[in-house]
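User: I'd like a close look at one residue and what sits around it, and after that a walk outward through the rest of the model. Keep it informal, but keep the numbers in.

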Amino acid sequence: MWRNHLTEIIVFTVLFLLVSAMGFLAARWRAPKDMAHLDEWGLGGRTFGGWITWFLVGGDVYTAYTFVAVPALMFGAGAAGFFAVPYTIIVYPLVFLVLLRLWSVSRQHGFVTPADFVRTRFGSPTLALIIAITGIAATMPYIALQLVGIEAVLKTMGVTGDSTVARHLPIIIAFAILAAYTYQSGLRAPALIAFVKDSLIYIVILVAVIYLPYKLGGWGAIFDAADAKFKATPAPGDGILLNQNNQLQYVTLALGSALALFLYPHTQTGVLASRSRAVIKRNMSALPAYTLLLGLIALLGYMAIAAGVKPLPGAKEGTVDSNTVVPLLFDHTFPDWFAGVAYAAIGIGALVPAAIMSIAAANLFTRNIYKEYLKKDASAAQEAKVSKVASLVVKVGAVACIVFLDPQFSIDLQLIGGVIILQTLPAVGLGLYTRWFHRGALIAGWVAGMGLGVWMLYQIPNPATKRAHFGGSAFPLEKFGFDTPKTIYVGIVAVLVNLVVAALATLALKAGRVPDGTDGTSPGDYFVDEGDEKLDPRTRQDGDEVAVEPAPQV
Amino acid sequence: MSEPPVTAEPPGDVSPPREATDRSPWNWLLILPIVVPLAPALFNMDSPRLFGFPAYYWVQLAFIVLGVATTSVVYRMTRDRAVRS
């Protein structure tokens, strides 16, 4: 019952309201002369320095869902759940040079979305539309999943009800507040709130990793308890180490997730909002601090095992909601007021990425659908207006997903989302380096990768939840006719097929002399930096808190 | 991915004259923290334990240091190679 959790609820509510107030005030923070421009509303004026970018991208990549789902995975499957650590280590060296090129060319041409870049690079509004729709489709369920994070916390505090409306009312209210301040303040709201969110999460996790092992008999005892649990289960795939059959899955999942991460529109939004190439470079070394945090959070799953946590029942009879293990661990082991702080950290942690994701999806709609197909002569002010309204629509859609559909549906969609966003790698990722691919071939590759990826996901059963389809991302290689129990990450296979098809089709189309689009970028565009003469001075502002290197004079 | 294509700079058609490039031998260093964390043979074992952590966990967490070190080195070593003339 919620009455037993009164202290937690009060602390949670107070912190939540405090952050909401910050969200509304954010419109005045580093205020531009003219907010009615997509660069201002959607990219914070492209002026964020090192610290703001660190908090913003960190808050964007390491979401509330991650903080709840990764330990839940460790709780259920063990070592395989730790893939989040190599994933978020390799991603930064992997994209180090790529993001710099993306930032420069976007700054030079005023691109707001990845589809903007593809449109100019390949001279193809159709390819840009495909990229935009892929981005929106991959982002929507991600927003819905942030709600799953908040719900896990609310459920643990006993804030539930019998009817659909009563159960979801707190989430609807939370998202209405979020929608209102995002509408007003744009990207400045999550940027400002991210400071509070991340500070709370760092405090909670530092306390957790020092205090909980002390209470549970030390780290050795925690790992031994997890080991004992996995040895007692009949499932062959779990354990505190990987086995022969899931190593390939572990490696391909980490690599595939890393390749996909900065193809998501919301992560690119965080990157494009930064002020200079140096800001991005420094962040590639600074963002792994969050990876350490994530690794420690993952281990909360084992602490929950050692503490004897039993997850709350799920939506359906006979199932358990393993996403509740971390909130329950806090509830069992922390004093009430500190559990309230921890819950607020998760709740607020959901708001930051949800806001950035809805802004990114709205920008895609505005730039690549509205302006391209509905109103070609839209002014900058009209673009900003449409984006603001679209961000509301996106959030209503996300809430509707959670309220009216089984949350499992959002989790399935998110799984698919990771695979489909990877299919934009040839056009967006490789497109930053080479113009060799033919626009028609990129579309053909996308179709092949999408088709194969969704088919493979459909084929995967999950014995634990007794589902025949969409049971995970680990595809058994025996379905391809190999005589082996090994599994592989679907996304990697799909993107490889995508690349092969795109390459072969490029050769065919070039041989057939099919007209290709023109490239609207020039080689120098990929290296422009803050302070270059040719850049439009309108968006240049001073007054950031981070010392800037003196801009090299030309 | 770390190697940009060789492209001739079209003289004069972009305004400030520059020899823009992000090529540097230091960039090859970035391959190290991509490949090493993807080799389970290096860390998929229980001993030696460190502060109670099986090797699987502390070694992978230690790779964070490898990642930070290499990106920092590449940033520092390529910063002074001014990209403009």
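Analyst: Let's start with Gln249(A), which is part of helix H11 of chain A, the helix spanning residues 247–261. Bear in mind throughout that this is a predicted model. Is Gln249(A) buried or exposed? There are 25 other C-beta atoms within 10 Å of Gln249(A), so this residue counts as buried; the cut-off for that label is 20 or more.

What does Gln249(A) touch once residues up to four places away in sequence are set aside? The contacts are Ala474(A), Thr487(A), Ile488(A) and Tyr489(A). Take Thr487(A): 238 residues separate it from Gln249(A) in sequence, yet the two C-alpha atoms are 5.4 Å apart in space.

Ala474(A) gives us a way to move on. Its C-alpha atom is separated by 10.0 Å from that of Asn462(A), a residue 12 places away along the chain. Asn462(A) belongs to the loop of chain A that runs between helix H20 (439–458) and strand E1 (474–476). Here the neighbour count is 13 C-beta atoms inside 10 Å, so Asn462(A) is classed as partly exposed. Ignoring neighbours within four places in sequence, Asn462(A) is in contact with Arg467(A), Gly471(A) and Gly472(A).

Now for helix packing. Two packed helices are described by the angle between their axes and the distance between the axes. Within chain A, helix H10 (residues 219–232) packs on helix H14 (residues 288–306) at about 75°, the axes being 8 Å apart. That angle makes H10(A) and H14(A) roughly perpendicular to each other. On the H10(A) side the contact uses Ala221(A), Ile222(A), Phe223(A), Ala225(A), Ala226(A) and Lys229(A), while H14(A) brings Tyr302(A), Met303(A), Ile305(A) and Ala306(A). By residue type, that contact splits into nine nonpolar, no polar and one charged.

There's a helix pair across the chains too. Helix H13 of chain A (residues 277–286) and helix H2 of chain B (residues 55–79) have axes that come within 8 Å and cross at roughly 160°. Angles over 145 degrees count as roughly antiparallel, and H13(A) and H2(B) therefore fall under that heading. The crossing of H13(A) past H2(B) is left-handed. Lys281(A), Arg282(A), Met284(A) and Ser285(A) make the contact from H13(A), and Val68(B), Thr71(B), Ser72(B) and Tyr75(B) make it from H2(B). This contact of H13(A) with H2(B) divides into three nonpolar, three polar and two charged residues.

As for chain B itself, it has two helices and zero strands. Buried residues account for 21% of its 85 residues. Of the contacts in chain B between residues at least 6 apart in sequence, 62% join residues at least 24 apart.

Finally, confidence. The predictor gives the complex an ipTM of 0.82 and a pTM of 0.84. Chain A averages a pLDDT of 83, with 93% of its residues scoring at least 70. Among the elements of chain A, helix H18 (residues 407–421) has the lowest mean pLDDT, 78, and helix H21 (residues 490–511) the highest, 92. Over residues 537–554 of chain A the pLDDT is below 50, and this stretch has 24 contacts in the model beyond near neighbours in sequence. For chain B the average pLDDT is 75, and 69% of the residues score at least 70. Residues 1–18 of chain B have a pLDDT below 50, with 31 contacts in the model beyond near neighbours in sequence.

Conventions
Residues numbered from 1 in each chain as written. Chains lettered and ligands numbered in written order. Predicted model: local features only at pLDDT ≥ 70, side-chain atom pairs only at ≥ 80, totals over all residues. Axes fitted to C-alpha atoms, helices over the stretch in contact; angles between N-to-C directions. Helix = DSSP H or I, 4+ residues; strand = E, 2+ residues; numbered from the N terminus. Parallel < 35°, antiparallel > 145°, perpendicular 65-115°, else oblique. Left-handed = near helix turned anticlockwise from the far one by under 90°. Contact = placed C-beta atoms within 7 Å. Nonpolar A, V, L, I, M, F, W, Y, C, P; charged D, E, K, R; others polar. pLDDT = per-residue confidence, 0-100. Buried ≥ 20, exposed ≤ 12 C-beta atoms within 10 Å, placed from the backbone.
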